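Me: I'm new to this one and would like to learn how to read it. Could you walk me through it, feature by feature?

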Amino acid sequence: RLPYAGHCKFPDMEELLFEWVQEQREDGHGVHGKAVRTKASELIKTMYSGVEGGFVASGGWPSQFLKRHHLVSRRVTSTGQALPVNAAAQAAKFMDATAAEQARQ
């Protein structure tokens, strides 16, 4: 039995949805709430014929799904901020000041 099975109505669907989210992330694709809702609805239709009316992926449903599966929704960026030209000098100055402060104590 899945650890989250008692907290959701369709644990088999959620397991497949979780795997899909992981695959998307491994392929470098961001997964947003609308995509999670759409995929969940697709899975419900294929896995539970005739049950579509019993499942409603509301606007808040994706966040609860992510929470149940210990996932977070964050934007993946390809680059961070550029370092300042004088980054090495600033780091050295900080380390010198920290060492001096430690020596005084």
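Me: Let's start with charged pairs: how many salt bridges does the structure hold?

Reply: A salt bridge is a side-chain nitrogen of Lys or Arg within 4 Å of a carboxyl oxygen of Asp or Glu. This is a predicted model, and it holds 3 salt bridges. One of them pairs Glu14 with Arg68, with the closest N and O atoms 2.5 Å apart. Glu14 sits in helix H1 and Arg68 in helix H3, 54 residues apart, so this pair links distant parts of the chain.

Me: Which residues form a salt bridge in helix H2, and how far apart are they along it?

Reply: Look at Lys39 and Glu42, whose closest N and O atoms are 3.9 Å apart. They are separated by about one helical turn, because they are 3 residues apart in helix H2, which covers residues 33–47. As for cover, Lys39 is partly exposed at 21% relative accessibility, and Glu42 is partly exposed at 41%.

Me: And which residue does Glu101 meet in a salt bridge?

Reply: That's Arg104, at 3.3 Å from N to O. Both residues lie in helix H4, 3 residues apart, or about one turn of the helix. Glu101 is partly exposed, with a relative accessible area of 36%, whereas Arg104 is exposed, at 64%.

Me: Let me step back to the overall layout. How many helices and strands does the chain have?

Reply: Count 4 helices and 0 strands. Reading along the sequence gives the pattern α-α-α-α. Of the chain's 105 residues, 25% count as buried.

Me: How do I judge a single residue, then? Is Glu14 buried or exposed?

Reply: The cut-off for buried is under 20% relative accessible area, and exposed means over 50%. Glu14 has 2% relative accessibility, so it counts as buried. Its place is in helix H1. Leu66, in helix H3, also counts as buried, at 13%.

Me: Which side chains are joined to Glu14 by polar contacts?

Reply: A polar contact of 2.5 Å joins its side chain to that of Arg68. Another, of 2.8 Å, joins the side chains of Glu14 and His69. His69 belongs to the loop between helix H3 (61–68) and helix H4 (87–104), and at 7% relative accessibility His69 counts as buried.

Me: What about His70: buried or exposed?

Reply: His70 counts as exposed, at 74% relative accessibility. Its place is in the loop between H3 and H4. Check its backbone too: phi of His70 is near 55°, a positive value in a residue other than glycine.

Me: How can I tell which parts of the chain come together in space?

Reply: Compare spacing along the chain with the separation of C-alpha atoms. Glu15 and His69 are 54 residues apart along the chain, and their C-alpha atoms are separated by 9.2 Å. Try Leu66 and Val21 as well: they are 45 residues apart along the chain, with 9.7 Å between their C-alpha atoms.

Me: Last one: which residues gather in the patch of negative charge on the surface?

Reply: For patches, Asp and Glu count as negative. Here, Asp12, Glu15, Glu19, Glu23, Glu26 and Asp27 gather in a patch of negative charge on the surface. Among them, Glu15 is found in helix H1 (residues 11–26). Glu15 is partly exposed, with a relative accessible area of 31%.

Definitions and conventions: Residues are numbered from 1 along each chain as its sequence is written. This is a predicted model: local features need pLDDT of at least 70, side-chain atom pairs count only at pLDDT 80 or more; totals for chains, interfaces and linings use all residues. Side-chain values use heavy atoms; hydrogens and water are left out. Patches are made of residues with over 30% relative accessible area and no salt bridge: like charges are joined within 9 Å, nonpolar side chains (Val, Leu, Ile, Met, Phe, Trp, Tyr) within 5 Å. Accessible areas come from the Shrake-Rupley method with a 1.4 Å probe; for residues, only the protein chains shown count as cover. The place of a charge is taken as NZ of Lys, CZ of Arg, CG of Asp or CD of Glu. Helices (H or I, at least four residues) and strands (E, at least two) are DSSP runs, numbered from the N terminus. Buried means under 20% relative accessible area, exposed over 50%, partly exposed in between (1.4 Å probe, protein chains only). A polar contact is a pair of N or O atoms within 3.5 Å; within protein, one must be able to donate a hydrogen and the other to accept it, and residues adjacent in sequence count only if both atoms are side-chain atoms.
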